[in-house]
Amino acid sequence: MAKHLNPLEKEFLIRQYRGNRHISRKDFCEANHITEQSLKKWERQYDEGGLEGLARADAEVQSIVPEGFDRTEESYKREILRLRIENERLKKSYAVQTTPDGQTEFVRLRERSSK
């Protein structure tokens with residue numbers, strides 16, 4: 001019985017294969033226990049429809065991204081950048097607070113060491 005991968009797993013495999021051109025398609029597919037035809041089909045679907053294109057038509061897969069989200073590559077890049085910035089701020093103990101007039105400001109969660 002064949003196993004079905006979810007769209008995120010398929011995207012991961014596509015990116016792994018495309019990121020390493022030193023390995024042949026046949027060897028990559030054997031190492032990951034998938035067929036060459038499947039990988040070719042997934043690449044075509046991914047190129048045409050992105051992550052949404054990888055969702056199986058007959059599977060009951062919920063939307064990968066929230067409703068109303070702009071699904072362009074540029075919007076994904078902006079979202080990744082926003083999350084990286086937020087992550088770095090949290091690492092440095094900053095929190096985002098909203099002032100009474102509606103503006104956001106960054107405040108330290110703990111004081112800096114004077115050492």
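This tour moves through a predicted model, from the whole chain to single residues.

**The whole chain**

Begin with the protein chain displayed as a cartoon. Four helices and two strands make up its secondary structure, and read from the N terminus their order is α-α-α-α-β-β. Colouring by accessibility is a useful next step: of the 115 residues, 17% count as buried. Among contacts in the chain with a separation of 6 or more, 29% are between residues 24 or more positions apart.

**The aromatic pair**

Next, select Tyr 17 and Phe 28 and show their side chains. The structure holds one aromatic pair, and these two residues form it: the ring centres are 5.4 Å apart and the planes stand at 50°, so the pair is classed as tilted. Tyr 17 belongs to helix H1 (residues 7–19) and Phe 28 to helix H2 (residues 25–31), so the pair ties together parts that lie 11 residues apart in sequence. Both Tyr 17 and Phe 28 are buried.

**The loop after H2**

From Phe 28, follow the chain past the end of H2 and select His 33. This residue sits in the loop between H2 and H3. Is His 33 buried or exposed? His 33 has a relative accessible area of 66%, which is over the 50% cut-off, so it is exposed. Its backbone also merits inspection: phi of His 33 is near 60°, a positive value in a residue other than glycine.

**The largest pocket**

Now select Glu 11, Arg 15, Tyr 46, Glu 73 and Tyr 76. Of the 13 residues that line the largest pocket, these five lie nearest its centre. The pocket holds about 340 Å³ of space.

Which elements give two or more residues to this lining? They are H1, helix H3 (36–53) and helix H4 (73–91). The largest share is that of H3, which gives five residues. Colour the lining by residue class to see its composition: six residues are charged, four are nonpolar and three are polar.

**Helix H4 and the residue beyond**

Finally, select H4 and place a distance label between its end C-alpha atoms. With 19 residues at 1.5 Å a residue, H4 should span 27 Å, and the end C-alpha atoms are 27 Å apart, so the two values agree. Continue along the chain to Ser 93, which follows H4 and has a positive phi, near 65°. The tour ends here.

Definitions and conventions: Residues numbered from 1 in each chain as written. Predicted model: local features only at pLDDT ≥ 70, side-chain atom pairs only at ≥ 80, totals over all residues. Heavy atoms only, no water. Phe/Tyr/Trp six-rings, centres within 6.5 Å; stacked < 30°, edge-to-face > 60°. Buried < 20%, exposed > 50% of the residue type's maximum accessible area, 1.4 Å probe, protein only. 1 Å grid on protein atoms, 1.4 Å probe; cavity = no way out; pocket = protein on both sides within 12 Å on 5 of 7 lines; lining within 4 Å. Points joined across faces, edges and corners; volume = space filled by probe spheres on them. Nonpolar A, V, L, I, M, F, W, Y, C, P; charged D, E, K, R; others polar. Expected span 1.5 Å × (residues − 1). Contact = heavy atoms within 4.5 Å.
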